[in-house]
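Visitor: I would like to learn how to read the features of a model like this one, step by step. Could we take the general idea each time and then turn to the case at hand?

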Amino acid sequence: MSTDHVLKLYSKTIQSSFLHYGFWDDPENVELSTLSLQDIKNAQYRYIDHLASFIPSGTKTILDVGCGIGGNTSFLLKKGYSLEALSPDSYQKSVIKKKFNRGVAFHHCKFEDFTHRTLFDLILESESVCYIDIDKGFKKAREVLRDGGYVLASDYFVFFKDHSNSLHFKSSHDMDTYLNSAKENGFNLIKQYDQTDNTMLTLDYANYFIERFINPTIDYGVYSTNKNFPKISKVIGLFIAKKWQEKKNQLDLINSDLFRKYRKYMIYLFQKV
Ligand SMILES: C[S@@+](CC[C@H](N)C(=O)[O-])C[C@H]1O[C@@H](n2cnc3c(N)ncnc32)[C@H](O)[C@@H]1O
């Protein structure tokens, strides 16, 4: 199975054990230019702390679906739950093996293809919902949960579409389709929480960082190459122009105004009926 190199890049640069947006208690009062990497890591810790508050009492066994590099698994182990973790990603597999040294059973597969040996009280999908086929995901959840068990899902969903062909439509599930599939597969929605306001600051910080550090560095690199190697620079420019534009368009994905226009970052707690 392969490695998601974008997720690997996040884990190597931020160097936290989480791969999600983080949760900001008071985003209105944060000044972007004063934020440190530690603030981002603290927000990521608060995200799982807040998400874990939705775990119903009586829950003992949890399957962490799309476990990333194990931050949530580790947090929940410390809270006394019994955990198994799952990810199709080869890099994440190596990190998890090292981190837990066989202390946590790890399943190296897509959730849709998971074969279970025991039944779980709760399935956690922390920012992994958007990677999993909606219908197959709920069918699999039914199969691996005990009667009355729970799916705790935290991810972004598209609630509005226009004719803009926005990239925001491509990397998330449609909210209504997701909720309807839950119902059709025998899951009751028992709690929900809109955490859009608590998560967007991370996108704003990414934008700030790119505008302040990355873009000026690129501008200088282009200026310097044009000046010192004008011919080579022209040829390279012709080759990469299209790809470069595609990459620039992807910046729409970290535009929090566009995010808010089309998507909501939700927590859903479903119970198997
Ligand atoms: C954005 S990361 C979130 C990681 C972690 N849950 C967290 O909150 O830090 C998405 C995770 O979903 C995993 N994933 C991708 N496709 C999947 C699938 N079909 N089934 C289960 N997990 C999947 C990725 O490998 C990664 O571990």
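Visitor: How many residues of domain 1 are in contact with domain 2?

Guide: Two residues are in contact if their C-beta atoms, placed from the backbone, lie within 7 Å, and by that criterion 15 residues of domain 1 are in contact with 10 residues of domain 2. On the side of domain 1 that touches domain 2, helix H2 and helix H7 (196-228) each supply at least two residues; helices (H or I, at least four residues) and strands (E, at least two) are DSSP runs, numbered from the N terminus. By class, that side of domain 1 has 9 nonpolar, 5 polar and 1 charged residues, where Ala, Val, Leu, Ile, Met, Phe, Trp, Tyr, Cys and Pro count as nonpolar, Asp, Glu, Lys and Arg as charged, and the others, Gly among them, as polar. This is a predicted model, in which local features need pLDDT of at least 70 and side-chain atom pairs count only at pLDDT 80 or more, while totals for chains, interfaces and linings use all residues. Residues are numbered from 1 along each chain as its sequence is written.

Visitor: Where do the two domains begin and end?

Guide: Domain 1 comprises 5-198 + 263-272, and domain 2 comprises 200-254, with bounds that come from an automatic or database domain assignment. Their C-alpha centres lie 32 Å apart.

Visitor: Which strands pair with S1, and in what sense?

Guide: Two strands pair if DSSP finds at least two bridges between them. Strand S1 (61-65) is joined to S2 by 5 bridges, and the two run parallel; Thr-61, for instance, has Ser-82 of S2 as its bridge partner. The chain passes from S1 through H3 to S2 in a right-handed β-α-β crossover, a term that applies if, with the strands pointing away from the viewer, the path from the first strand over the helix to the second runs clockwise. S1 also pairs with S4 in the parallel sense, over 3 bridges, and there Asp-64 stands opposite Leu-124.

Visitor: Is the connecting helix H3 mostly covered or mostly open?

Guide: Burial is judged by counting neighbours: a residue is buried if 20 or more other C-beta atoms lie within 10 Å of its own, exposed if 12 or fewer, and partly exposed in between, with C-beta atoms placed from the backbone. Helix H3 (residues 71-78) is mostly covered, with 6 of its 8 residues buried, among them Asn-72, Phe-75 and Leu-76. The buried residues of H3 pack against helix H2 (37-52), strand S1, strand S2 (82-86) and strand S4 (120-126). By contrast, helix H1 (residues 5-14) lies largely in the open, because the number buried among its 10 residues is 0.

Visitor: Which strands does S5 pair with?

Guide: S5 is joined to S4 by 6 parallel bridges, with Ile-123 opposite Val-151, and S4, helix H5 (residues 134-144) and S5 make a right-handed β-α-β unit. With strand S8 (residues 263-272), S5 pairs in the antiparallel sense over 9 bridges, Phe-157 having Lys-264 as its partner. S5 and S6 pair in the parallel sense over 2 bridges, and the partner of Val-158 in S6 is Asp-174. Because 11 of its 14 residues are buried, S5 is largely enclosed by the rest of the structure.

Visitor: What should I make of a positive phi, and where does Asn-101 lie?

Guide: Most residues other than glycine have a negative phi, and most peptide bonds are trans. Asn-101, with a phi near 40°, lies in the loop between helix H4 (90-100) and strand S3 (105-107), and it counts as exposed because it has 8 C-beta neighbours inside 10 Å. Asn-165 has a positive phi of about 60° and is found in the loop between strand S5 (145-158) and strand S6 (173-174). Just after H1, Gln-15 takes a positive phi of about 55°.

Visitor: How many residues surround the ligand, and which are closest?

Guide: A residue is near a molecule if its C-beta atom, placed from the backbone, lies within 6 Å of it. Here 24 residues surround the ligand, and the closest are Gly-66, Gly-68, Lys-110, Ser-128 and Tyr-131. The shell has 10 nonpolar, 9 polar and 5 charged residues.
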